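Colleague: Could you walk me through this one? I'd like to go from the sheet to the helices and then look at a few side chains.

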Amino acid sequence: MSEPVYDAVRIGIVSISDRASSGVYEDKGLPALQDWLTRALRNPITFEPRLIPDEQAGISATLIELVDAGCSLVLTTGGTGPAPRDVTPEATLAVADKEMPGFGEQMRQISLAFVPTAILSRQVAVIRGKSLIINLPGQPKAIAETLEGLKNPDGTQKVNGIFAAVPYCVDLIGGPYLETDDSVCKAFRPKSAVRTARPAA
């Protein structure tokens, strides 16, 4: 039996850090994002990685560049706290056609299960053209937690992660059909929006 064919997808991953981008310490954001997405998606992925400093104009320019390059999904990590150099949300909102506040609300809700300082996080998500841009936390552990959600001891889902809603959002804005590996993160779509993968030619 032939393997099914999944839509190819281009994904921008952006790590925003003055110190990592200047080589003071090793960036862990990009490897964490690439590892999680590779496990979570069945689609063939072309990654567009960027490691940049906490400069608002530069962040906005990078997001526009990735959208224009055909990235259906752009995930950022870093720069979402209250410190003076944390400007990722402002840079993201500056390039938005639409804001998607539910993503940030759910990320903070998930992180509050672990640390009370989750309320200091200012992650946002926006639509620009046919691309979904999401700010994620800065720590690899928190990235996985917010994307996957929380599970009960028996492995059943306790709180949905934000990625469960990403494939249907990408559908609605005209992007490729994203197929998830249910063991990592099960995508939710209304029954009318579910389609089966095309068989190989």
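Modeller: Before we start, a residue is called buried here if its relative accessible area is under 20%. Please also keep in mind that this is a predicted model.

Colleague: Fine. Which residues of helix H6 are buried, then?

Modeller: In helix H6, which spans residues 140–148, the buried residues are Ala-142, Ile-143, Glu-145, Thr-146, Leu-147 and Glu-148.

Colleague: And what covers the buried residues of H6?

Modeller: The cover includes the helices H2 and H5 (101–111), together with the strands S4, S7, S8 and S9.

Colleague: What follows H6?

Modeller: Gly-149 follows H6, and its phi is positive, near 90°. Gly-149 also has a bridge partner in S9, namely Asn-160.

Colleague: How do S8 and S9 run, parallel or antiparallel?

Modeller: Strand S8 (residues 149–151) and strand S9 (residues 157–160) run antiparallel and are joined by three bridges. Their hairpin has five residues between the strands, and Gly-155 there takes a positive phi near 95°.

Colleague: Now the main topic. What is the strand order in the open sheet?

Modeller: The open sheet is formed by six strands in the order S3-S2-S4-S7-S6-S5, with mixed pairing. Strand S3 (45–52) and strand S5 (98–99) stand at the edges with a single partner strand each, so one side of each has no neighbour in the sheet.

Colleague: How many bridges are there between S2 and S4?

Modeller: S2 and strand S4 (residues 73–77) pair over five bridges in the parallel sense, and within this part of the sheet Ile-11 stands opposite Leu-73 in S4.

Colleague: Which strands does helix H2 lie across?

Modeller: Helix H2 (residues 29–40) lies across S2, S3, S4 and strand S7 (131–136), and it runs at about 150° to S2.

Colleague: Pick a residue in H2 for me. Is Gln-34 buried or exposed?

Modeller: Neither label fits, because Gln-34 has a relative accessible area of 35% and is therefore partly exposed. Leaving aside residues up to four places away in sequence, Gln-34 touches Ile-13 and Phe-47. As for Leu-178, it is 144 residues from Gln-34 in sequence, and the two are 16 Å apart in space, C-alpha to C-alpha.

Colleague: Switching to aromatics: how many aromatic pairs does the structure hold?

Modeller: The structure holds one aromatic pair. That pair consists of Trp-36 and Phe-163, which meet edge-to-face at 5.0 Å centre to centre, with 70° between the planes.

Colleague: Why does the pair tie together parts that are apart in sequence?

Modeller: Trp-36 lies in helix H2, whereas Phe-163 lies in the loop between S9 and helix H7 (166–172), so the pair ties together parts that are 127 residues apart in sequence. Trp-36 is buried, with a relative accessible area of 2%, and Phe-163 is buried as well, at 0% relative accessibility.

Colleague: What about charges that sit over rings?

Modeller: The charged end of Lys-141 sits over the ring of Phe-114, 4.7 Å from the ring centre, and the charged end of Arg-189 sits over the ring of Tyr-177, 3.7 Å from the ring centre.

Colleague: Last one. Where is Asp-7, and what does its side chain contact?

Modeller: Asp-7 is in the loop between strand S1 (4–5) and strand S2 (9–16), and its side chain makes a polar contact with the side chain of Arg-195 at 2.9 Å. Asp-7 counts as buried, because its relative accessibility is 16% and the cut-off is under 20%.

Conventions:
Residues numbered from 1 in each chain as written. Predicted model: local features only at pLDDT ≥ 70, side-chain atom pairs only at ≥ 80, totals over all residues. Heavy atoms only, no water. Pairing = 2+ DSSP bridges. Helix = DSSP H or I, 4+ residues; strand = E, 2+ residues; numbered from the N terminus. Buried < 20%, exposed > 50% of the residue type's maximum accessible area, 1.4 Å probe, protein only. Polar contact = N/O pair within 3.5 Å; in protein donor to acceptor, adjacent residues only side chain to side chain. Contact = heavy atoms within 4.5 Å. Axes fitted to C-alpha atoms, helices over the stretch in contact; angles between N-to-C directions. Phe/Tyr/Trp six-rings, centres within 6.5 Å; stacked < 30°, edge-to-face > 60°. Lys NZ or Arg CZ within 6 Å of the ring centre and 35° of its normal.
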